[in-house]
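The exercises below work through a single chain, each with a task sentence and a stepwise solution. Please look over the sequence and the structure before starting.

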Amino acid sequence: MKVKQTPKLIRWLLILVMLLAIPAAQSSPNSETDSPEQAILYLQSSLLEVMRESDQLDYDERFKYLQPVINKTHDIDLIIKTILGATYWSQLDSAQQELMIETFRQLSIATYTGRFVQYEGEQFQIIEQRSLPREQVLVRSLLTKSDGGTVNFDYVLHQVEGNWRIINILFDGVSDLAIKRGEYRAILQRDGFQALIDMLKDKIAQTRQNS
């Protein structure tokens, strides 16, 4: 029986091929994150794969592909707790905390989905791995763009139940955690919890519209 190759079917086949083609083959459930460098390689190779297939995949399909990658390589819970700080976090009830974590998770995935779109020969390179205080590790990497320009992506990771997860990213030395800390806390202090949630949801919507 001949299967009709509809555009939607082709796109889903592409996603399946991408999932099977990720480097660091799925030799064990945690093989992608059993070392700091391996976690970064898994993230970056997945981003490049999405970029290569961007002409065939729409926003929702790219989001769906990256969702498990971000969940496995980022400690979303700790990141948002660190951004808000112990004082603000303790002022939220359990339902608000859960909503904050999930909304921030969706924004994190959406940001990757919207930022890494079209492949034009970009390449990631791991530069070094360095131990930090409090049992954290810094993995320094370099993104070389198609025009020869470079961007430094430095990742701070810690270990959670045997898996290494990102807790901060520095873009050319600028801490993403520090930027968000100032922005999010200012909104909480000035306008309250719901205003922060609304802002995060607006950013998610804008990312989709611009992709």
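**Exercise 1: a salt bridge between strands**

D154 counts as buried, its relative accessibility being 11%. In this predicted model, determine which residue forms a salt bridge with D154, and where the two partners lie.

Solution. Begin with the closest N and O atoms, which are 3.8 Å apart between R140 and D154, a distance that meets the cut-off of within 4 Å. Next, place the partners: R140 belongs to strand β2 and D154 to strand β3, 14 residues apart, so that the pair links distant parts of the chain. R140 is partly exposed because its relative accessible area is 23%. Finally, widen the view to the network of salt bridges in which E128, R130, R140 and D154 are linked.

**Exercise 2: the largest nonpolar core**

Determine which elements supply the largest nonpolar core, and which residues Y112 contacts.

Solution. The core has 29 residues, and those touching the most other members are L43, Y112, F116, F153, Y155, L157 and I166. At least two residues each come from α2, α3, α5, β2, β3 and β4, with α2 giving the largest share, eight residues. Apart from neighbours within four places in sequence, Y112 contacts L43, L47, L66, I70, H74 and I169.

**Exercise 3: confidence**

Determine where the pLDDT stays under 50.

Solution. The chain's mean pLDDT is 88, and 86% of its residues reach 70 or more. Residues 1-6, however, stay under 50, and over residues 12-17 the pLDDT is likewise below 50. Where pLDDT is low, the predicted coordinates should not be read in detail.

Definitions and conventions: Residues numbered from 1 in each chain as written. Predicted model: local features only at pLDDT ≥ 70, side-chain atom pairs only at ≥ 80, totals over all residues. Heavy atoms only, no water. pLDDT = per-residue confidence, 0-100. Contact = heavy atoms within 4.5 Å. Core = buried A, V, L, I, M, F, W, Y, C linked by side-chain atoms within 4.5 Å. Buried < 20%, exposed > 50% of the residue type's maximum accessible area, 1.4 Å probe, protein only. Helix = DSSP H or I, 4+ residues; strand = E, 2+ residues; numbered from the N terminus. Salt bridge = Lys/Arg side-chain N within 4 Å of Asp/Glu carboxyl O.
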